[in-house]
Amino acid sequence: MSFLLLFSVFVVATCGLVYELITGTLASYLLGDSVTQFSTVIGVYLFSMGIGSYLSKFVTRNLVGVFVKTELLIGMVGGFSAPLLFLLFEHVTHFRIMLYSMIGVIGTLVGLEIPLMMRILKDHFEFKDLVSKIFTFDYIGALFASLLFPLILVPYLGLVRSSLLFGILNVVVGLWTVHLLAGQVPWARATRALAVACLAALVAGFAWSDEILSFSESMAYPDPVVYSKSSPYQRIVLTKTPHDLRLFLNGNLQFSSRDEYRYHEALVHVGLQALPHARKVLVLGGGDGLAVREVLKHQNVERIVLVDLDGKMTELFSKHPLLTDLNANALTDPRVEVVNADAFLWLKQAKEVFDFVVIDFPDPSNFSLGKLYSTAFFRTLSRAVARDGAIVVQSTSPFVARKSFWCVDETLRSIGWETRPYHAYVPSFGEWGFILASFKELRLAERYVPGLKYVNPETVAQMVNFPPDMARVPVEVNKLNNQALVLYFEQEWSQYVAH
């Protein structure tokens, strides 16, 4: 019996850390900036655990009964935390209050667990052995959770099922505690019935988790959701109407099929057309294959390497009929090699040199993305670019995020690149910016490949002209140790959204 009670410490420690990881990941999915979200979630969670530990001293009677009820509460609140937060995100004005309130409740309940268990077991072990065993099982559980979460739970179960599964485990701990120590639990039969009811609710939620998430997404998106799936890196959602197909990553619009050609033609052709000698092209990001589709329109290009972190994205855009129609089967073209890897790490090991590099990363909304726009990244990239080659970087909106845009330009210039900033109007996003950079100044083309819908010499002449409200402003260089770009981006976009 003592071993089973100690093993319950391992289980509740695992559950407690998993809830913390789930809420941190969910906050980064929904609110952005993973560093800030994880830091605040961990801080609030640990503080709440401290409150729970302090409150445990006021439990003077019925220790086992209180422990069992605590497990049932944690199971229900923690288990339903992810589906509830997904459902509430689009409908609660002050979502952060709801998020941190839930974290506070879970953390306080988790903080009660270990002190109560230590007091329950105090008659079974000497004090020094009790402390040693309790904390050994606690820390092993934490390690197990930290490995289980990224390797198994997120890729194969997703956040909603994971929270419900560990809610089930907390309730099971409560049930077996009642079974082992029934004589110390007042109203044991009623408590057992309550535990079974909680277990049934969580199992039902687990069985219907896909429907719960689909319902929450149908409420969050104005158009019908035709595909939704979580990868280890993001939540991928596709919506469709008769005249529009849209991709959302973590709730953020990535493209609309109505006007994506404007963005991707501007991204690719302005630079690539200025390099008639280009034979090898590297695309970083752009797992949807739409930038690759535009590169393939240049017959002189013999080889394209696409490096995208998310294998589920490239697989989806290689096989889904709606998406392969949109990208013209670009990812299965024999000239294209798809590599699923972290672009920064891949570049450090790359031996190949490319004539043109397309950088189509998401906006620098957090520090993990901000590093991909830093001097360190661009210096690493420069080793993979031919001396007569060029790169192009999608660089957010020069109208909404003016400092962010010019920060990317200043960062490239600071390490010796010649830059040619330009912008294009994409109706779904507004004015969008790009930086063309090379080791020596490029002369823009006077003709473009046939069949383009948007880019031609006249539109390019407008693209390189910046009106006063988008003109250059003084900014810092984005370095790994200051991440100035992320700070600019957060400030500018938050002010725009607020208005």
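Colleague: Which helix is Tyr-496 found in?
Modeller: Tyr-496 sits in helix 18, residues 484-498. Helices (H or I, at least four residues) and strands (E, at least two) are DSSP runs numbered from the N terminus.

Colleague: What kind of model is this?
Modeller: It is a predicted model: local features need pLDDT of at least 70, side-chain atom pairs count only at pLDDT 80 or more, and totals for chains, interfaces and linings use all residues. Residues are numbered from 1 along each chain as its sequence is written, and side-chain values use heavy atoms, with hydrogens and water left out.

Colleague: Back to Tyr-496. What does its accessibility count as?
Modeller: Partly exposed, because its relative accessibility is 47%. Buried is under 20% relative accessible area, exposed is over 50%, and partly exposed is in between (1.4 Å probe, protein chains only).

Colleague: How many residues apart in sequence are Tyr-496 and Leu-253?
Modeller: 243 residues. In space they are 16 Å apart, C-alpha to C-alpha.

Colleague: Overall numbers? How many helices and strands are in the protein?
Modeller: 18 helices and eleven strands. Of the 499 residues, 54% are buried. The C-alpha atoms fill a box of roughly 90 × 45 × 45 Å along the principal axes.

Colleague: What share of contacts joins residues at least 24 apart?
Modeller: 73%, counted among contacts between residues at least 6 apart in sequence. Contact means heavy atoms within 4.5 Å.

Colleague: Helix packing next. At what angle do helix 3 and helix 6 cross?
Modeller: Roughly 165 degrees, and their axes come within 7 Å. Helix 3 covers residues 63-79, and helix 6 covers residues 127-180. That makes the two helices roughly antiparallel (over 145 degrees; under 35 is roughly parallel, 65 to 115 roughly perpendicular, the rest oblique). Axes are lines fitted to C-alpha atoms over the stretch in contact, with angles from 0 to 180 degrees between N-to-C directions.

Colleague: Which residues make that contact?
Modeller: Helix 3 brings, among others, Val-64, Phe-67, Glu-71 and Ile-74. Residues from helix 6 include Leu-164, Asn-170, Val-173 and Thr-177. The contact of helix 3 with helix 6 has nine nonpolar, eight polar and one charged residues. Ala, Val, Leu, Ile, Met, Phe, Trp, Tyr, Cys and Pro count as nonpolar, Asp, Glu, Lys and Arg as charged, and the others as polar, Gly among them.

Colleague: And helix 7, how does its axis cross that of helix 6?
Modeller: At roughly 165 degrees, with the axes within 9 Å. Helix 7 runs over residues 188-207. So helix 6 is roughly antiparallel to helix 7. In the contact, Leu-157, Arg-161 and Val-172 are among the helix 6 residues. Helix 7 offers Arg-192, Cys-198 and Phe-206, among others. By class, the contact of helix 6 with helix 7 has 16 nonpolar, three polar and two charged residues.

Colleague: How far apart are the axes of helix 4 and helix 5?
Modeller: 10 Å, at an angle of about 170 degrees. Helix 4 is residues 81-88, and helix 5 is residues 95-121. They are therefore roughly antiparallel. Leu-84 and Leu-88 of helix 4 take part, as do Phe-95 and Met-102 of helix 5, among others. The contact of helix 4 with helix 5 has eight nonpolar, one polar and no charged residues.

Colleague: How many disulfides does the structure hold?
Modeller: Zero. A disulfide is a pair of cysteine sulfur atoms within 2.5 Å.

Colleague: Why is Cys-198 not in a bond with Cys-15?
Modeller: Because the sulfur of Cys-198 is 14 Å from that of Cys-15, its closest cysteine sulfur, and that is too far. Cys-15 counts as buried, at 1% relative accessibility. Cys-198 is buried as well, at 10%.
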